[in-house]
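This report describes how two protein chains are arranged and how they meet. Please consult the sequence and the model shown below while reading.

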2 protein chains.
Amino acid sequence: MSAASQARRRRGPDELEILVLERGNYASYSACGIPYYVGGDVEELDKLIARTPAEFQDRDIDLRIRAEAVEIDLDGGRVRVRDADGGGERWEHYDDLMVATGAVPKRPRLPGADAKGVHGVQILDDGVAVRRALERDEPRRAVVVGGGYIGLEMAEAMVKRGLEVSIVDAADQPMSTLDPDMGALIADAIRGIGVDLHLGEGVEGFDTAADGSVTAVRTAGRTLPADLVVLGLGVRPNTELARAAGIETGPTGGIVTDRRMRTRADRVWAAGDCVETRHLVSGGPVAIALGTHANKQGRVAGVNLGGGYATFPGVVGTAVSKICRVEVARTGLNEREAAAAGFDALSVAVESTTRAGYHPGATVMTTKLIAERRSGRLLGAQIVGEENAAKRVDGLAIALWNGMTVEEMTGLDLGYAPPFAPVWDPVLIAARKAADAVEADMRREN
Amino acid sequence: MSAASQARRRRGPDELEILVLERGNYASYSACGIPYYVGGDVEELDKLIARTPAEFQDRDIDLRIRAEAVEIDLDGGRVRVRDADGGGERWEHYDDLMVATGAVPKRPRLPGADAKGVHGVQILDDGVAVRRALERDEPRRAVVVGGGYIGLEMAEAMVKRGLEVSIVDAADQPMSTLDPDMGALIADAIRGIGVDLHLGEGVEGFDTAADGSVTAVRTAGRTLPADLVVLGLGVRPNTELARAAGIETGPTGGIVTDRRMRTRADRVWAAGDCVETRHLVSGGPVAIALGTHANKQGRVAGVNLGGGYATFPGVVGTAVSKICRVEVARTGLNEREAAAAGFDALSVAVESTTRAGYHPGATVMTTKLIAERRSGRLLGAQIVGEENAAKRVDGLAIALWNGMTVEEMTGLDLGYAPPFAPVWDPVLIAARKAADAVEADMRREN
């Protein structure tokens, strides 16, 4: 919808017809808001919907909901569309096609994975289903499979609703995009709100009742009774449609595009969770399903579709989340990713306070920096703390973007006042420690 | 004290004797914490003191309080020291001298300016005096002269203490480091906590009672009864001692140093509020009295005094403050400063929300960017908003530091999650608007 709106701003209805096909019931909504709708922080579903179909009609954008694109015919320049309400199929022709099929939740191929009461969290309809189940069936026990951002946010939402909540994850830590030492802080936070966290335990199956609804989640170690299960195993680019048409995908499974969001197929564009993009630190391709990237890419595609010029440069892997009072942020490469990208890296973690130590409300935050040995180039950062901690990652993302070294960063002129930071901001303290570590490391080598 | 500590870390007591002279009663404290001590958020004075004289003695740093340096004899390599308790004067010899005389509050040369009950806010003793006056004399009405950061923070502190508080400022806005449109938002905030704000009214004098204590503040327009007056007119580098010795000061009045914090006099170093430094955007000298710069410079001087190598690169003019719930931040050049530095600039201001619009607690924040015409280079930024608004300036300060253009900034990978930002962070929205404005401006010209 970002692309459609941008293209419309540049080309009037007499110059460009815009048809949008959406298989679900909603378009232009915040999927990131689903946990807040489930938890009740957001009372009305409408609040998650940025624009209604009627608003798009007013802009001469022909948005059709419950209309699924089921085949792309590149040679014929047409798309086969299936009506979800049994209205049959038809072909729609295009001059330019944009693929924005998003991502699909990873589902384990395990017995019972499709049972009633096992929910994915991807499209708005999923959120509606979970909340309806909570309100109608009054479940008592929920199990979340997967301890990533979405899994943790959904776990917190269900704790708010009064459920007993467990999380199982095959990994030894929640939030595998963090290093283990930082992930341990998240494990503490999630246990702190009363969630049972079972790490290092992959799911082996789901038990079901006679009526086909889920009753328990089985791991190697235990059977967890469950009235409701949420799958938070992450997502993968939804590219079946594109691949079937012969549109090229890359090593991440996402559609390959150039910086203007053109695929390798003529007059076919793509944007959002279904594409892969360039990681500006590793230089390699990544598929990161985040609304902020999708919106930017959509805007870029729309500008280009409308005859303008715009590019999407890539990402540095920034992500933030909140578990109750605990804020968590990461950007760039973690230790594992840095090694995989061929960097010889070191890291430091420092504890400091979010405000001047004497200021009421000052809390502890942990800042970790990963830097390249010898050059001292910043490669990544992770932050776990309370108020005002997570968004400190923005500065680190911008430092990464500009290829700064940790030594250079020690001089940065960051905001200082007692309610916001100690006289040495945690970012500056961490940069100093990292610069010292780089220097000490070089001394050892020489 | 930062310099002394750093030098000691690099040179043991057998290699380097370190003598520190302090004319007041306290060393190594947070002057920025004074308003919070006055307002009672910080109950104990001790909390503002980072290290006691005894702790410095333990590190073999000979800290002498109530010992005032009254003359520097560069040729003789010595300093004349006066004992505040009448113990007379003596000369102390040095191999290396560091001048860290800080800043002094600007005092108006007006009748009654030295009356009892008229307080500056610079050293910790000032804070002690104001709080003692509040607790002992139970004043009812306070007038703050000057609407800068310190003035506003002191006004809020006294509102918390239950006083009727007025602020008078000769300028047409509070916080003159902001542009007038952003200053107006601060005026609203300060009035919102019940402070009477009289702008465009310079003080013409102070009325005093027979016992010499202040009774009112007079402006051209009115007489404001006052039991207590706080001067918040800003500070200037305290360089009388240095200048009398022939140590060079610059156009700002601050001592001139190189990046290693060496003055133009042989073996004399300087750091903190008494020096001027380079503004990395304007390229010109500035004297900005902020604890964060002073600490960094002190550290750099100490590393160099201890035989190491470190430099202070300069500043971009970042400052943050909080008035009740309203956070305010600025960095770089404001419109007036950009023009004075010879830039042809344009600016945009955007209103957006601090969180996703549907997330409970989302509030409005205003982000203003100043960019150079044609090149689109970011020159400065200002933010006024509530929770999580002010520290967004760090990213902007780092963008300035790296000479980014507003166009480049539109692609930045900033942290996004509903509790922290809309899907387009306010900084990204502002960058987009600024980039559009730069482009539109070029079109108009061509």
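Which residue lies over the face of W91(A)? In this predicted model, R78(A) takes that position, at 3.8 Å from the ring centre. Chain A holds another such arrangement, in which the charged end of R131(A) sits over the ring of Y37(A), 4.1 Å from its centre. Pairs between aromatic rings, by contrast, number zero over all chains.

**Annotated domains of chain A**

Two annotations come from the UniProt record, in both cases from an unreviewed entry. Residues 1-295 of chain A are covered by the annotation "domain: FAD/NAD(P)-binding". The feature "domain: Pyridine nucleotide-disulphide oxidoreductase dimerisation" is placed by UniProt at residues 322-422 of chain A. The table gives the computed secondary structure of each span and the distance between its end C-alpha atoms.

| Span | Helix | Strand | End C-alpha atoms apart |
|---|---|---|---|
| Residues 1-295 of chain A | 24% helix | 26% strand | 9 Å |
| Residues 322-422 of chain A | 19% helix | 35% strand | 22 Å |

**Relation of the two chains**

Chain B is superposed on chain A by a rotation of 180°, with 0.0 Å of shift along the axis and an RMSD of 0.0 Å. The two copies are therefore related as by a two-fold rotation axis. Among the residues of chain B, the one that comes closest to this axis is G395(B), whose C-alpha lies at 2.0 Å.

**The interface**

Contact between the chains involves 56 residues of chain B and 56 residues of chain A. Of the interface residues of chain B, 100% are also interface residues in chain A, so the copies meet through the same surface.

The size of an interface is often expressed as the accessible area lost when the parts come together. Between chain B and chain A, the buried area is about 5200 Å², and carbon and sulfur atoms give 64% of it. On the side of chain B, the residues that lose the most area to chain A are Y358(B), K391(B) and D413(B), which together make up 16% of what that side buries.

How many salt bridges does the rule find across the interface of chain B and chain A? The rule finds two. One salt bridge joins the side chains of D425(A) and K391(B), with an N to O distance of 2.6 Å. K391(B) thus appears in two roles: this residue takes part in a salt bridge with D425(A), and K391(B) is also among the residues of chain B that lose the most area to chain A.

Technical notes
Residues are numbered from 1 along each chain as its sequence is written. Chains are lettered from A and ligands numbered from 1 in the order in which they are written. This is a predicted model: local features need pLDDT of at least 70, side-chain atom pairs count only at pLDDT 80 or more; totals for chains, interfaces and linings use all residues. Side-chain values use heavy atoms; hydrogens and water are left out. Rings of Phe, Tyr and Trp (its six-membered ring) pair if their centres lie within 6.5 Å; planes under 30 degrees apart count as stacked, over 60 as edge-to-face and the rest as tilted. A charge sits over a ring if NZ of Lys or CZ of Arg is within 6 Å of the ring centre and within 35 degrees of the ring normal. Copies are superposed by least squares on the C-alpha atoms of residues with pLDDT of at least 70 in both. Contact means heavy atoms within 4.5 Å. UniProt positions are given in the numbering used here, feature names are shortened, and annotations may be inferred rather than shown by experiment. Helices (H or I, at least four residues) and strands (E, at least two) are DSSP runs, numbered from the N terminus. Buried area is the accessible area (1.4 Å probe) that two parts lose on being put together, summed over both. A salt bridge is a side-chain nitrogen of Lys or Arg within 4 Å of a carboxyl oxygen of Asp or Glu.
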